[in-house]
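Colleague: Could you take me closely through one helix of this model, and then set that helix in the context of its chain and of the contact with the partner chain?

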Amino acid sequence: MTDDRQILELYREEGKEEYAYNLIVREYGERLYWHIRELVCSHEDANDLLQDTLIKAWKGLPSFREESRLYTWLYRIATNEALTFLKKKRVESFLLLGNYTSVLESRLKAEPAFNGDELQLAVRREILKLPDKQRAIFSLRYFQELKYEEISQIMNTSVGALKASYHLAYQKIKKALEEQF
Amino acid sequence: MKNRKEIEEVLQKKFPYKVPDGYFSALEDELAKKIKAKEDYENNSLLTKLKPAFAMVATFAIILGLGYGVMTATKNLGNRSYSAEAENVIGMENVLEEAVADYSLIETIEQIYYLEQADTLSSDMENLEEELINNYLLSELNLVTLLSFE
């Protein structure tokens, strides 16, 4: 595992930019993919958004001033990309008198991993009912296991507000499951 | 679920979604290709080549626009000052007209009378001057002078 600082030092060495960038992709590509996939559900969309995220990171690296850590910066780009994508899709669905949450639910149902596991599917369906920003917070805290301070940098929200949002999401999911099972 | 305490017991943290085989190992190469293609496109695109020309045209357009704006503004300012002066003149004329309009008929006749008197006085002055000149000339005449005329 390579440290962020080492990667950035390498990136600043002449002729080693591409090598350093590949290290970033190797180190964070998969984690970023899963975070995006949790939000958009489909592989195709997650792949497009991950590539956009990493291309933006390549373009933004020369001006990266290390005011935040490299991986929180990458997570911020990925989260913004995913939330912008979802916002656009929700508007499109609304204009076509549809509901994008049901589109995401249908993708969940089509996922072979959930075949027969009703409880697992029900939990994820409840997560999908959360507002997108709250879902992103839940994903960063629960699945990515990031600290609130790190999520605060990614989401540009106070730690207190994040804790409240996560707690509310958690209780909402728990309550829904208790009612169902 | 009622018997279970927390979501952690149900919701697995491991990602259950399916991903195409070898997706993550191919990601680096795929990205490198995409970045290269994007950079090539940006460097060779017509828009990139025409960027300096667009910048120049935009600069000229801004200069022309500013020039036109300044000229229009100055022109309007000149018109405004002229019209202001014209308004002043009209205003003065109105004041005179109003002043004349304030005179009654009797006052007007009196004005005319004073003017005529003034004319009479000036004609008397002319007669008076003529007399003085004649007297002066006659008083200076003597015999020698009268003889010299002959």
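Modeller: Two residues count as being in contact here if their C-beta atoms, placed from the backbone, lie within 7 Å. On that basis, among the contacts in chain A with a separation of 6 or more, 59% are accounted for by residues 24 or more positions apart. Please keep in mind throughout that this is a predicted model, with an ipTM of 0.81 and a pTM of 0.66.

Chain A has 9 helices and 0 strands, and of its 181 residues 29% count as buried. The part I would look at closely is helix α9 of chain A, residues 159-180. At 1.5 Å a residue, the 22 residues of this helix should span 32 Å, and its end C-alpha atoms are indeed 32 Å apart, so expectation and model agree.

Turning to the side chains' surroundings, A:L162, A:S165, A:A169, A:I173 and A:L177 are the buried residues of α9(A), where buried means that 20 or more other C-beta atoms lie within 10 Å of the residue's own. Seen down the helix axis, these buried residues of α9(A) fall within an arc of 95°, and therefore they line one face of the helix. The general background is that an α-helix has 3.6 residues a turn, so residues three or four places apart point the same way. On the other side of α9(A), the exposed residues are A:G160, A:H167, A:Q171, A:K175, A:E178 and A:E179. As for what covers the buried residues of α9(A), the cover includes three other helices of chain A, namely α6 (118-128), α7 (132-143) and α8 (148-155).

Helix α9 of chain A also has a part in the contact between the chains, to which chain A gives 26 residues and chain B gives 18 residues. On the side of chain A that touches chain B, the elements giving two or more residues are α2 (17-40), α3 (43-60), α6 and α9, while the largest share, 7 residues, comes from α2(A). Sorted by class, that side of chain A has 15 nonpolar, 5 polar and 6 charged residues.

A word on confidence in the partner is in order, since the mean pLDDT of chain B is 73, with 59% of its residues reaching 70 or more. Within chain B, confidence is highest in helix α1 (residues 23-44), at a mean of 87, and lowest in helix α4 (residues 143-149), at 63.

Key. Residues numbered from 1 in each chain as written. Chains lettered and ligands numbered in written order. Predicted model: local features only at pLDDT ≥ 70, side-chain atom pairs only at ≥ 80, totals over all residues. pLDDT = per-residue confidence, 0-100. Helix = DSSP H or I, 4+ residues; strand = E, 2+ residues; numbered from the N terminus. Expected span 1.5 Å × (residues − 1). Buried ≥ 20, exposed ≤ 12 C-beta atoms within 10 Å, placed from the backbone. Arc of directions from axis to C-beta. Nonpolar A, V, L, I, M, F, W, Y, C, P; charged D, E, K, R; others polar.
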